[in-house]
Amino acid sequence: MPTSVSMPALGESVTEGTVTQWLKNVGDTVEVDEPLLEVSTDKVDTEIPSPVSGVLTKILVDEDDTVEIGAEIAIIGGEGESADAPAEPEPAAAPEPEAEPEPAPAAEEPAPTPEPEPAPASPAATGTGTPVDMPALGESVTEGTVTQWLKSVGDTVEVDEPLLEVSTDKVDTEIPSPVAGVLTEILVAEDETVEIGARIALIGGSASAPAAPAESAPAPAAPKPTSAPAPATPAPAAQEQDSEGGPSVDVETLSGTGRASGTDAVTEAYVTPLVRKLAGEHRVDLSRVTGTGVGGRIRKQDVLKAAEARSSAAAAPRRTGSDTSLRGRTEKLTRLRLSIADRMVESLHVSATTTQVIEVDVTKIARLRTQAAADFTKREGVDLDFFPFFALAAVEALKAHPEVNAVIDSQAQTVTYHDIENLAISVDTERGLLAPVVKDAGSLNLGGLARTITDLTERAHTAVLSPDELVGGTFTITDTGHTGALFGTPIINQPQVAILGAGAVVKRPVVVEDSAMGGEVIAVRSMVYLSMAHDHRLIDSADAGRFLQTVKARLEEGAFESELGLA
């Protein structure tokens, strides 16, 4: 049955996406969650996965075309379907599976002649064959969740070859095939939970006949009654399968893109023990993983992909210079570059921007880094540099100066002071400047900020950020000094009212007070310039100065021993 693929939701306030590249051609076979195409928006570039397995029968949107969210972009048909006649298999596949579960007990006797006749013509459509039921999975276990099908409809399977992975509250295990043959029907979708004994699949084909002799003729009759109640269960399951494969499937629902629920509590509820264990082994933060399972559930593949992205990001070289191949070329601006240009010009037009610069002595922090760097890296899994200290000091100062953590609505002539600190971090990537957001940064300690900043930065470089991770910032901090610049005059990230830039930390001679030496002395200190651009419509220069002095006092005090485990 043909399935419609729509442009999924791609983040808050994103209303359209541009197809940059089709990864599959008409006629290609695709699997569930296999990338179909690449889409670009003004916030992020991402891959759109296939919602179902089948054949790509139609591409409705060309590359470089921009379409609205929810617009139909492709059609995926079943095996053997073509773009010209996608609807023909629908009647054959839909009614038959619904009718078959009722005479399920007869499935134990595949020998009768009426059954084998239709089977050669279309095993998947007839629903005949050897039933596979959810097996007993331990004492007191009453249900299991299908975490992953290891075989697809049409695949050949051998006796005892793993068919699927199942998770319970006690164990994660693989379910083997009871017979050799062809997997003709899957009755339970991934991430679906069913009771023990419920029918989950059918195996037919030339090998379905051995189903009876697999244990000896009388033997199948004995185990099957244990699943005798199952006929009532699979019927709804089959209907559910049909409805999902029917009319139109929005990729957002199946891929979890955007995670509409958005809360950690909801995400946690979808994490199976297998996934949790795997995440622990690979040091993957599940709260940062976008689930591609039903309802946004995080699956094993999502964790492995996040772990792989983290590894490749760590190994990926950072930008060290300009691309010299650009000399003499004229090319079209990318969508991201156009978005950056528009937003920067808009910011200068909207805000009454002015900048203040202060210098800060971070010698105490430099010494703490020397003492705690090794233990911190071992404990947190990330390097300890200066930037998390600047971020922590800024977040603490935002709590004391709410006018800096605000937004102006010019049309309504109102100002809203945020009660949460969502810290946007400017990241210089190959594609351009991105600003992923550390949500609720005010609740994180130094280690939590360092981990989150590193994770967002790495994933920004490998283009695996979700759209929701690029919106919602209430204040921005940028590492002006990562290229050696002493300070800069950053442009405000609208609709925020201020942005803090941290320059390069350099050692230089400074006049300092030294009571032991009887007054002022010249000493070598680690110094940094902090520059803050602010919107003068809301923040006066004195307000900006007080905010910067709060940040300076926190950094120069250097009281981070407890955060580093040194206290």
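P495 sits in the loop that joins β25 (475–478) to β26 (498–502). In this predicted model, the peptide bond from Q494 to P495 is cis. Its omega is near 5°. Most peptide bonds, by contrast, are trans.

Two aspartates also depart from the usual backbone pattern. Most residues other than glycine have a negative phi. D33 has a positive value, near 70°. This residue belongs to the loop between β3 (29–30) and β4 (35–40). D160 is likewise not a glycine, and its phi is positive at about 70°. The loop that holds D160 runs between β11 (156–157) and β12 (162–167). D160 is exposed, because its relative accessibility is 57%, above the 50% cut-off.

Helix α12 spans residues 335–350 and contains 16 residues. From first C-alpha to last, α12 reaches 22 Å. This is close to the 22 Å expected at 1.5 Å a residue. Four of its residues, L336, S339, I340 and S347, are buried. They lie on the same side of α12, because they cover an arc of only 100° around the axis. The elements that cover these buried residues include β18 (353–361) and β23 (433–434). The face turned away from the buried side has another character. There, D342, L348 and H349 are exposed. The helix thus presents a buried side with L336, S339, I340 and S347 and an opposing face with exposed D342, L348 and H349.

Aromatic contacts were examined next. The structure holds four aromatic pairs. One of them joins F386 and F390 in a stacked arrangement. The ring centres of F386 and F390 are 6.3 Å apart, and the planes meet at 15°. Both F386 and F390 are buried. Another pair, F389 with F560, is edge-to-face. Here the centre-to-centre distance is 5.0 Å, with 80° between the planes. F389 lies in helix α14 (residues 387–400), whereas F560 lies in the segment after α16 (541–557), so the pair ties together parts that are 171 residues apart in sequence. F389 and F560 are both buried.

F386 has a further partner. R369 lies over the face of the F386 ring, at 4.4 Å from the ring centre. F386 therefore combines a stacked pairing with F390 and a position beneath the charge of R369.

Methods: Residues are numbered from 1 along each chain as its sequence is written. This is a predicted model: local features need pLDDT of at least 70, side-chain atom pairs count only at pLDDT 80 or more; totals for chains, interfaces and linings use all residues. Side-chain values use heavy atoms; hydrogens and water are left out. Helices (H or I, at least four residues) and strands (E, at least two) are DSSP runs, numbered from the N terminus. Buried means under 20% relative accessible area, exposed over 50%, partly exposed in between (1.4 Å probe, protein chains only). The expected span of a helix is 1.5 Å times one less than its number of residues. The arc is that of the directions from the helix axis to the C-beta atoms. Contact means heavy atoms within 4.5 Å. Rings of Phe, Tyr and Trp (its six-membered ring) pair if their centres lie within 6.5 Å; planes under 30 degrees apart count as stacked, over 60 as edge-to-face and the rest as tilted. A charge sits over a ring if NZ of Lys or CZ of Arg is within 6 Å of the ring centre and within 35 degrees of the ring normal.
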